[in-house]
Amino acid sequence: MLTSAVAVMLLTGCGGGAEPIPTAAATEMKSRSQEIQQVIYELMPPEYLSANDLNSPWKATPASPLLPCKPILSAESWQSDDNSSGYQYPGSFSARLDEGAPVEEIVDQLYQDVIHSPDLEFDPDSIPEDPSSMTQLITADGYQVLISYVLPSDSTRHIISVDVWSPCFIPETMPPGRKI
């Protein structure tokens, strides 16, 4: 069962393996993240989203900043101008469920639908037998996916959040303000 979670990738960065960081267009990384988000959004049960008033991931949204592929809780990460470790595109969206929707059942089913979707391919080693609140899936092309939910303190309607982070990359050109 999945519960409210904080994205694990915020604490760990990109993983820091010995593989070289590829160069890519930031807009392509964002586009792929949004494709994955759209597939997941379309797997959500529409019968529980009739009152959803939150934006879907592919509608006009403010530009998101590229984040360094370093542990972001490290003070050195924010003070360093070293760009050799690359960047990630931190894509996400949220959907507000109708009041009374069975959130745990919905999220458990969504998780199953996502890992078995013919439109998404995941690294089999990232799929746990028993998902938890910190379950992070990795797509075959290196995108990190986290599905979680929360009940805001001022609401009776749960929010499902989906985070889809790109793999680390070195931008072909850095977008203005490091935002795309």
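**A helix and its sheet around a shared core**

Of the 180 residues of the protein, 46% count as buried, where buried means under 20% relative accessible area, exposed means over 50%, and partly exposed lies in between (1.4 Å probe, protein chains only). The model is a predicted one, in which local features need pLDDT of at least 70 and side-chain atom pairs count only at pLDDT 80 or more, while totals for chains, interfaces and linings use all residues. Residues are numbered from 1 along each chain as its sequence is written, and side-chain values use heavy atoms, with hydrogens and water left out.

The protein has four helices and eight strands; these are DSSP runs numbered from the N terminus, with helices being H or I of at least four residues and strands being E of at least two. Read from the N terminus, the order of elements is α-β-α-β-α-β-β-α-β-β-β-β. Contact here means heavy atoms within 4.5 Å. Among contacts between residues at least 6 apart in sequence, 70% join residues at least 24 apart.

Helix 4 is a good place to begin a tour. This helix covers residues 103-115, 13 in number, and reaches 18 Å from its first C-alpha to its last, close to the 18 Å expected at 1.5 Å a residue; the expected span is 1.5 Å times one less than the number of residues. Its buried residues are V103, I106, V107, L110, Y111, V114 and I115. They cover an arc of only 155 degrees around the axis, so they sit on the same side of helix 4. The arc is that of the directions from the helix axis to the C-beta atoms. An α-helix has 3.6 residues a turn, so residues three or four places apart point the same way. The cover over the buried residues of helix 4 includes helix 2, strand 5 (137-138), strand 6 (144-150) and strand 7 (159-165).

The core comes next. A nonpolar core is a set of buried Ala, Val, Leu, Ile, Met, Phe, Trp, Tyr and Cys residues joined through side-chain atoms within 4.5 Å. The largest one has 34 residues, and those with the most contacts inside it are I40, V114 and I160. Two or more residues each come from helix 2, strand 4 (90-96), helix 4, strand 6 and strand 7, and helix 4 gives the most, with seven residues. Leaving out residues up to four places away in sequence, I40 touches F93, L110, V114, L120, V145 and V162.

The strands can be followed in turn. Two strands pair if DSSP finds at least two bridges between them. Strand 4 and strand 7 run antiparallel and are joined by seven bridges, one pairing being G91 with V164 in strand 7. Strand 6 and strand 7 also run antiparallel, joined by seven bridges, and here V150 stands opposite I159 in strand 7. Both strand 4 and strand 6 are mostly covered: five of seven residues are buried in strand 4, and six of seven in strand 6. Strand 5 and strand 6 form a hairpin with five residues between them, and G142 in the turn has a positive phi of about 90 degrees.

A last stop lies at S64, in the loop between helix 2 (26-43) and strand 2 (67-68). S64 is buried, with a relative accessible area of 18%. Leaving aside neighbours within four places in sequence, S64 is in contact with Y89, R178, K179 and I180. R178 lies in the segment after strand 8 (170-171) and counts as partly exposed at 38% relative accessibility.
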